[in-house]
Protein chains: 2
Amino acid sequence: MPRNVAFNEEQAIQYAMEVFWEKGYNGTSLRDLTDAMKINSSSLYNTIGDKQELFVRCIRHYTELRNKDLQRRIKSNASPLQILIQYINDAVTLITSKANSCMAVKTAFEVANKDVRIKEILKLDGENTYRFLCLLINSAIRQKEISDTENPELLADYLMSMLTGWYESYIVHKDADKIRNMAQYFIHQLSK
Amino acid sequence: MPRNVAFNEEQAIQYAMEVFWEKGYNGTSLRDLTDAMKINSSSLYNTIGDKQELFVRCIRHYTELRNKDLQRRIKSNASPLQILIQYINDAVTLITSKANSCMAVKTAFEVANKDVRIKEILKLDGENTYRFLCLLINSAIRQKEISDTENPELLADYLMSMLTGWYESYIVHKDADKIRNMAQYFIHQLSK
DNA sequence: CACATTCTGAATCATTTGTTTCAAAATGCG
DNA sequence: CGCATTTTGAAACAAATGATTCAGAATGTG
């Protein structure tokens, strides 16, 4: 009976995500968003909701993209340690090539303390990466690529913290070698 | 001849810093600030300047406080490794006790990419901590508290990145043991 | 086709934003 | 004291903010 929604919602969310990603939640205005999404604010409020709701949809979208990336990596037929090393190296490339940082990390520091919904999404996302890493490390230990004296859970937490720190380091110092050296050292420690 | 400034400027900066620290730059309004500082906005614009200038003064104040803390630690008559371990343990306590995170880290992610002045202050602050850590690690190596096979500069970068990551981890997971375990592991690796 | 229903666009809303104005109050110096 | 000078407080500014309104356009179903 009715008229259908004219705009591609996922595409619009993608556009909105990019703006939030760059400017942060508080730094982004409704005009910024509707401009990027190429829709009118009435359409936004009609289909998605207010700014907060849109933001929730955006980080959810972001974490889904990350999740798909991890799934893809797991399916690789490289060895566990190789997958792990590839993951770290890709992270380093990402950190040191794009000016913008990781949206999950930025959001954690900007709004996670005030918005429980956001915090919960980020928590699930973190646990997801955690499981991904634990899985790989455990497999690598079983295949004797990593020493069985290592603690997989600790190592996973360790790496995740390190990655976050690398983002900040690169924002402030813009020193790619710094990051590469740390990554190389971490991989070296891992591989013996 | 003239009337004197009535309010304590350093006290006012301290108040403003606390608000910025909690709410971030974009999340803080001029009213938030003048309320906390207990001054009128005309006084603010008369003595300090606009919001940006005030923010610069605030992180500058923040990094000065940090600097003083490092100076104090250096003067301790404990051994280099002991000072280092104390520093890490204090950081862990700070991270896992206060709800709010480190202002320098939050600011790096929120505004450092857009504001060169801010980025420069944070960079100097980072280099300061870096020197502090390198000094301690080098001394510890000379006193044979740390193996001379370690790379001091790398270790310093490593620790700084880790600390940043711990802040994010605690915001998202609120798991103090996670942080404590990582710290313990790091200290353990250091001490042999 | 025709109609009921939904979506869209432009305009507009009330607040809030960062900032400024200016008269009145305060203060040091002669 | 009295004047010149500066700070203060309340009010107000224009612009931007998040959000809503509503007439008209669009569309699937009968």
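Trainee: In this predicted model, what does a side-chain oxygen of N151(B) reach at the start of α8(B)?

Mentor: The backbone nitrogen of E153(B), to within 3.2 Å. A polar contact needs a pair of N or O atoms within 3.5 Å, so the distance fits that cut-off.

Trainee: How do you know that the span of helix α8 of chain B agrees with its number of residues?

Mentor: Residues 152-173 make 22 residues, and at 1.5 Å a residue they should span 32 Å. The end C-alpha atoms are 31 Å apart, which agrees. Just after α8(B), K174(B) takes a positive phi of about 50°.

Trainee: What makes α8(B) mostly covered?

Mentor: Of its 22 residues, 21 are buried.

Trainee: Now the cysteines. Why is C102(B) not bonded to the closest cysteine sulfur?

Mentor: That sulfur, in C58(B), is 15 Å away, and a disulfide needs the pair within 2.5 Å, so the two are too far apart for a bond. The structure holds zero disulfides over all chains. In chain A, C58(A) is in no disulfide either, and its nearest cysteine sulfur, that of C102(A), is 15 Å away.

Trainee: Why is C58(A) called buried?

Mentor: Buried means under 20% relative accessible area, and C58(A) has 0%, so it counts as buried. C102(B), with 2%, is buried too.

Trainee: And what makes M103(A) buried?

Mentor: Its relative accessible area is 1%, which is under 20%, so the term applies. M103(A) lies in helix α6 of chain A. Among the residues M103(A) touches are C58(A), W21(A) and Y62(A).

Conventions:
Residues numbered from 1 in each chain as written. Chains lettered and ligands numbered in written order. Predicted model: local features only at pLDDT ≥ 70, side-chain atom pairs only at ≥ 80, totals over all residues. Heavy atoms only, no water. Helix = DSSP H or I, 4+ residues; strand = E, 2+ residues; numbered from the N terminus. Expected span 1.5 Å × (residues − 1). Buried < 20%, exposed > 50% of the residue type's maximum accessible area, 1.4 Å probe, protein only. Polar contact = N/O pair within 3.5 Å; in protein donor to acceptor, adjacent residues only side chain to side chain. Contact = heavy atoms within 4.5 Å. Lists of a residue's contacts leave out its neighbours within four places in sequence.
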